[in-house]
Amino acid sequence: MKPHRRVVKHPVVLLVEDEPLVRLTQVDILKESDFWVVEAQDADEAFELLKSRPEIDAILTDVDMPGSMDGFEFARLVRQGWPEVAVLVISGKTGPGPGDLPPNATFLHKPIMPDDLVAALQDVMARRPQGSMTPEA
């Protein structure tokens with residue numbers, strides 16, 4: 001027997017959030033919108049996942065997290081090493097200052113309505129540098 005294959009490619013989002021309940025809620029929102037979700041609790045774990053998972057299309061990262069870097073630094077690292085990956089940064093505590101966000105990244109303040117989160121993620125994916133995802137029939 002042949003293994004089952006998906007006919008439609010779902011975008012893969014790396015979700016970086018240290019608060020378990022917030023992460024769980026965001027996972028539910030993204031999965032309901034047909035995203036595949038890979039989870040990380042901080043930028044250090046996310047960086048390791050990004051290095052080993054070439055199928056990641058976008059990152060959704062919080063700013064304030066434990067570990068060696070915050071979400072802004074992680075977003076800049078992603079842009080430098082993976083320019084084709086879309087970047088969405090969110091925070092309920094702080095906004096970006098000059099130079100915090102890399103080019104083509106988007107920032108949203110929490111709380112965020114589910115539809116707004118999905119729309120912002122789709123928007124950054126459409127604007128990513130090396131081609132955008134096109135829906136397959």
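Buried means under 20% relative accessible area, exposed over 50%, and partly exposed in between, using a 1.4 Å probe and protein chains only. With that in hand, welcome to a short tour of this predicted model.

**View 1. The whole chain has four helices and five strands.** Helices (H or I, at least four residues) and strands (E, at least two) are DSSP runs, numbered from the N terminus. Read from the N terminus on, the elements follow the order β-α-β-α-β-α-β-β-α. Of the 137 residues, 42% count as buried. Contact means heavy atoms within 4.5 Å. Among contacts between residues at least 6 apart in sequence, 62% join residues at least 24 apart. Residues are numbered from 1 along each chain as its sequence is written, and side-chain values use heavy atoms, with hydrogens and water left out. Because this is a predicted model, local features need pLDDT of at least 70 and side-chain atom pairs count only at pLDDT 80 or more, while totals for chains, interfaces and linings use all residues.

**View 2. The two stretches shown here, residues 1-7 and residues 131-137, have pLDDT under 50.** The term pLDDT stands for the predictor's confidence in each residue, from 0 to 100. Its mean over the protein is 89, and 88% of the residues reach 70 or more. For residues 1-7 the model has three contacts beyond four places in sequence. For residues 131-137 there are twelve such contacts beyond four places in sequence.

**View 3. Helix H1 spans residues 20-32.** These 13 residues reach 18 Å from the first C-alpha to the last, close to the 18 Å expected at 1.5 Å a residue. That expected span is 1.5 Å times one less than the number of residues in the helix. Which residues of H1 are buried? They are Arg-23, Gln-26, Val-27, Ile-29 and Leu-30. These residues cover an arc of only 165° around the axis, which puts them on the same side of H1. The arc is that of the directions from the helix axis to the C-beta atoms. An α-helix has 3.6 residues a turn, so residues three or four places apart point the same way. On the other side of H1, look for Pro-20, Leu-21 and Glu-32, which are exposed. The cover over the buried residues of H1 includes strands E1 (12-16), E2 (36-40), E3 (58-62) and E4 (86-91), along with helix H4 (114-126).

**View 4. Strand E1 is mostly covered, with five of its five residues buried.** Val-12, Leu-14 and Val-16 lie on one side, Val-13 and Leu-15 on the other, and all are buried. Two strands pair if DSSP finds at least two bridges between them. E1 and E2 pair in the parallel sense over five bridges, and Leu-15 stands opposite Glu-39 in E2. Between these two strands the chain crosses through H1, in a β-α-β crossover that is right-handed. A crossover is right-handed if, with the strands pointing away from the viewer, the path from the first strand over the helix to the second runs clockwise. E1 also runs parallel to E3, joined by four bridges. Here Leu-15 has Leu-60 as its bridge partner in E3.

**View 5. Strand E3 has five of its five residues buried, so it is largely enclosed by the rest of the structure.** Ala-58, Leu-60 and Asp-62 point one way, Ile-59 and Thr-61 point the other way, and all are buried. E3 and E4 pair in the parallel sense over five bridges. One pair to find is Thr-61 with its bridge partner Val-89 in E4. From E3 the chain crosses through helix H3 (residues 71-81) to E4, and this β-α-β crossover is right-handed.

**View 6. Three loops hold backbone details to look for, at Asp-34, Asn-104 and Pro-111.** Most residues other than glycine have a negative phi, and most peptide bonds are trans. Asp-34, in the loop between H1 and E2, has a positive phi of about 70° although it is not a glycine. At 47% relative accessibility, Asp-34 counts as partly exposed. Asn-104, in the loop between E4 and E5, is not a glycine either, yet has a positive phi of about 65°. Its relative accessible area is 37%, so Asn-104 is partly exposed. Finally, the peptide bond from Lys-110 to Pro-111 is cis, with omega near -5°. Pro-111 is found in the loop between strand E5 (106-109) and H4.
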